[in-house]
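Me: I am new to this structure. Please look closely at how its helices pack, and follow that packing to whatever it touches.

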Amino acid sequence: MFFDRAVTPQQKLDTIVCLPMSGLMLTPADRRPITLLNCDYKILTRILARRLRPLLALHLKAAQYCGLPGNTIFDAVATVRDVIAYAEHEKLPMCVLTLDFQHAFGRLSREYLHTILCSYGLSTHFVTLLQALYLEATSTVQINGHLHGPFPIHCGVRQGCPLSMALYTLCLHPFLTDLERRLPGVRLDRGSRPVSIVACADDVTVFLRTSSDISTVEDAIRQFEKASGARLNPHKSRALDIGRWSVPDNPLGIAYHSYARILGFQF
């Protein structure tokens, strides 16, 4: 499968199981779709994921705490805590934005994915093999013990595939780079780099210092949406006002709250 790039349609057929996200489960949005994959497919994608690790270490920004060697989710939480504590202590005007992208893994454009992978200098064989994994891929959905489908999958990466996390972080990297380049961030001590973003996979937290930063983030999000197929979910995103921040309007449509849950911790 690896050398000949020969993945059969049956090996690319998966089963989607919808796991409950809340107790009510009144709408499809209350369930999280997890993809159950063929064992041959998972072994192959785990090989590819291991081969991508050096690329992640070389290209990913320090703001990305998923897939970057030496960074953990606990480091991400600690960084968010330190930035908020510093802003409160120094009475700095700051807004904390938690960005939620709707169906982040499922909406990713395949054309965008392949373009990004080629831009990192991956070999033609590697990119072609990745294309073969998604070309003419099909899914079935398990509902009440019965399988419905199959139907074709034209976009996104599979949530449950060993390779999906690495692919998504690489695709998110240009968006994070754009924000880091344009936002001033918060410098916690002398000699350290300013912290403007903390990301762990698709969980993105942005620190704003001035009202003009809002339009900067809005422009970066619109560019990322246009290129990748992503879509911001303003109803699940949150804004926290810290220190002397007093900007009432938010053109992104994200409401201010007294708290936000970031990477499982409440701030």
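Reply:
**Helix packing and the sheet**

Helix α3 passes helix α4 in a right-handed crossing. The model is a predicted one, and the description below applies to that prediction. Helix α3 covers residues 110–119 and helix α4 covers residues 124–134. Their axes are 10 Å apart, and the two helices pack at an angle of about 165°. An angle over 145 degrees counts as roughly antiparallel, so α3 is roughly antiparallel to α4.

The residues that make this contact can be picked out on each helix. On α3 they are R110, L113, H114, L117 and C118. On α4 they are V127, L130, Q131 and Y134. Sorted by class, the contact of α3 with α4 contains six nonpolar residues, two polar ones and one charged one.

After α4 comes the loop that leads to strand β4 (138–143), and E136 is found in this loop. E136 is not a glycine, yet it has a positive phi of about 55°. Its relative accessibility is 63%, so E136 counts as exposed.

A second helix pair involves α5 (residues 164–182) and α6. The axes of α5 and α6 come within 10 Å and cross at roughly 160°. By the cut-off used above, where angles over 145 degrees are roughly antiparallel, α5 is therefore roughly antiparallel to α6. The crossing of α5 past α6 is right-handed.

The α5 side of this contact consists of C171, L172, F175, D178, L179 and R182. The α6 side consists of T216, V217, D219, A220, I221 and F224. By class, the residues of the contact of α5 with α6 are eight nonpolar, one polar and three charged.

Helix α6 also leads to the sheet. Strands of a sheet pair through backbone hydrogen bonds, either parallel or antiparallel. Here the sheet is open, has four strands in the order β6-β7-β3-β8, and is paired in the antiparallel sense. Its edge strands are β6 (197–200) and β8 (238–242), each of which pairs on one side only. On average, neighbouring strands of this sheet are turned by 10° against each other, direction ignored.

Within the sheet, strand β3 (residues 94–99) pairs with strand β7 (residues 203–208) over five bridges, in the antiparallel sense. In this pairing L99 stands opposite V204 of β7. Helix α6 (residues 212–228) packs on the sheet and touches both β3 and β7. The direction of α6 makes about 150° with that of β7. Helix α6 thus has a contact with α5 and a contact with the sheet.

Two backbone details lie outside these contacts' description. Strand β5 (residues 146–152) contains P150. The peptide bond from G149 to P150 is cis, with omega near 5°. The other detail concerns R5, in the segment before β1 (13–20). Like E136, R5 has a positive phi of about 55° although it is not a glycine. R5 has a relative accessible area of 35%, so R5 is partly exposed.

How values were computed. Residues numbered from 1 in each chain as written. Predicted model: local features only at pLDDT ≥ 70, side-chain atom pairs only at ≥ 80, totals over all residues. Heavy atoms only, no water. Axes fitted to C-alpha atoms, helices over the stretch in contact; angles between N-to-C directions. Parallel < 35°, antiparallel > 145°, perpendicular 65-115°, else oblique. Left-handed = near helix turned anticlockwise from the far one by under 90°. Contact = heavy atoms within 4.5 Å. Nonpolar A, V, L, I, M, F, W, Y, C, P; charged D, E, K, R; others polar. Pairing = 2+ DSSP bridges. Buried < 20%, exposed > 50% of the residue type's maximum accessible area, 1.4 Å probe, protein only.
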